[in-house]
Amino acid sequence: MEIAKGIYHFDSGPFNWYLIEEEGRLTLVDAGFPGHYHVFKKGLDQLGKSLKDVEAIILTHSHADHIGFAEKVRKQTGVPVYVHKEDAKMACKPLQLPWFGLLSNAWRPYTANMLAVATINGVFSLPHLTKVITVTDGQQLDVPGRPRILHTPGHTDGEVVLFLESEKVLISGDTIVTRNLLTGALGTPQIVNPILTKNYKQAMRSLDFLRELGDVTMLPGHGNIWKGNINEAIDIALENAKI
Ligand SMILES: [Zn+2]
């Protein structure tokens, strides 16, 4: 539920998305798979909120496990969907996942299970976005939580993280995660596996853009919450990347 001050997390298995609340208004960050919509609706109920309280949707990137039910909510509410300009085209196309990496690892029980979960949760009928608003590096959005967008290309070209200055919360998307997406193992901060990342070297370099953030509560796209100095997370992730 409340995973950091004013930020809510609801269980959608290994696919994280978050609700930021500020003065009763909500920003949805990422949107799981389409099948997770009912978790989202139940989450709103639990918070005593409704779709009317949602003011914005922000995507950390345009993979299917983050776009999920975003278009459905957009259509129902008319709220803006923000995505980095480099991922905007991809958000408006169906079936955006690193399929080669996933299918070539389908022999792994966890990956096979992820693909099954993706299928059950509607990846093949995923409504892609039909309207997005593009954001750029450094932009602070005037939406609940007032997150600052930091462009961290690598996993995708338009991958971003969100930094909420007042609470020192970093919603790190798939820039830094704490779960291995091929084995399912929960662990220390890490970059998403090379085969699931568009430009692995760039993904490593992009971590340097975060070095000034200090002590943070990090909420990743996959895996558990992590707290500490961002430099520690970056150094661990780079160390893990060498293995
Ligand atoms: Zn992801």
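Which strand gives the most to the lining of the second largest pocket? Strand 3 (residues 18-22) does, with three residues. The legends below describe close-up views of a predicted model.

**View 1. The second largest pocket holds about 170 Å³ of space.** Its lining is made up of 13 residues. E22, G145, L164, S166 and E167 lie nearest the centre of this pocket. Strand 3 is the leading contributor, giving three residues to the lining. By class, six lining residues are charged, four are polar and three are nonpolar.

**View 2. The largest pocket has a volume of about 260 Å³.** A set of 14 residues lines this pocket. Nearest its centre lie N180, Q190, N193, Y200 and N240. Strand 12 (186-190) and helix 8 are the elements that give two or more residues to the lining. The lining divides into seven nonpolar residues, six polar residues and one charged residue.

**View 3. One cavity of 30 Å³ or more is counted in the model.** Rolling a probe the size of a water molecule over the atoms shows where empty space is left. In the largest cavity, that space comes to about 160 Å³. The lining has 16 residues, and F15, D65, L97, L102 and M114 lie nearest the centre. Helix 6 (residues 109-120) gives the most to this lining, with three residues. Eleven of the lining residues are nonpolar, three are polar and two are charged.

**View 4. Seven strands make an open sheet with mixed pairing.** The strand order is 1-2-3-4-5-6-7. Strand 1 (2-4) and strand 7 (133-135) stand at the edges. Each has a single partner strand, so one side of each is left without a neighbour in the sheet. From one strand to the next, the twist averages 30 degrees.

**View 5. At one edge of the seven-stranded sheet, strand 6 pairs with strand 7.** Strand 6 covers residues 81-84. The two strands run parallel and are joined by three bridges. Y82 has I133 in strand 7 as its bridge partner.

**View 6. A salt bridge joins the side chains of D53 and R25.** The N to O distance is 3.9 Å. This pair links distant parts of the chain, with its two residues 28 residues apart. D53 sits in the loop between helix 1 (37-46) and strand 5 (54-58). R25 belongs to strand 4 (residues 25-29). A search of the whole structure finds ten salt bridges.

**View 7. Five strands make a second open sheet, in the order 8-9-10-13-14.** Pairing in this sheet is mixed. Strand 8 (148-151) and strand 14 (226-229) occupy the edges. Each of these two has a single partner strand, so one side of each lacks a neighbour in the sheet. Neighbouring strands are turned by 30 degrees against each other on average, direction ignored.

**View 8. Strand 8 meets strand 9 in an antiparallel pair.** Strand 9 spans residues 160-164. Four bridges hold the pairing between strand 8 and strand 9. L150 has V161 in strand 9 as its bridge partner.

**View 9. Strand 13 and strand 14 form a hairpin.** Four bridges join these strands, which run antiparallel. D215 is bridged to N229 in strand 14. Five residues lie between the two strands. In the turn, G223 has a positive phi of about 105 degrees.

**View 10. Helix 8 lies across three strands of the five-stranded sheet.** The helix covers residues 230-242. The strands it crosses are strand 10 (169-173), strand 13 (215-220) and strand 14. Helix 8 runs at about 105 degrees to strand 14. Helix 8 also gives two or more residues to the lining of the largest pocket.

How values were computed
Residues are numbered from 1 along each chain as its sequence is written. This is a predicted model: local features need pLDDT of at least 70, side-chain atom pairs count only at pLDDT 80 or more; totals for chains, interfaces and linings use all residues. Side-chain values use heavy atoms; hydrogens and water are left out. Two strands pair if DSSP finds at least two bridges between them. Axes are lines fitted to C-alpha atoms, for helices over the stretch in contact, and angles run from 0 to 180 degrees between N-to-C directions. Contact means heavy atoms within 4.5 Å. On a 1 Å grid over the protein atoms alone, a cavity is a set of points where a 1.4 Å probe fits but cannot get out, and a pocket is an open set with protein on both sides within 12 Å along at least five of seven lines; lining residues have an atom within 4 Å of a point. Grid points are joined across faces, edges and corners, and a volume is the space filled by probe spheres set on the points. Ala, Val, Leu, Ile, Met, Phe, Trp, Tyr, Cys and Pro count as nonpolar, Asp, Glu, Lys and Arg as charged, and the others, Gly among them, as polar. A salt bridge is a side-chain nitrogen of Lys or Arg within 4 Å of a carboxyl oxygen of Asp or Glu.
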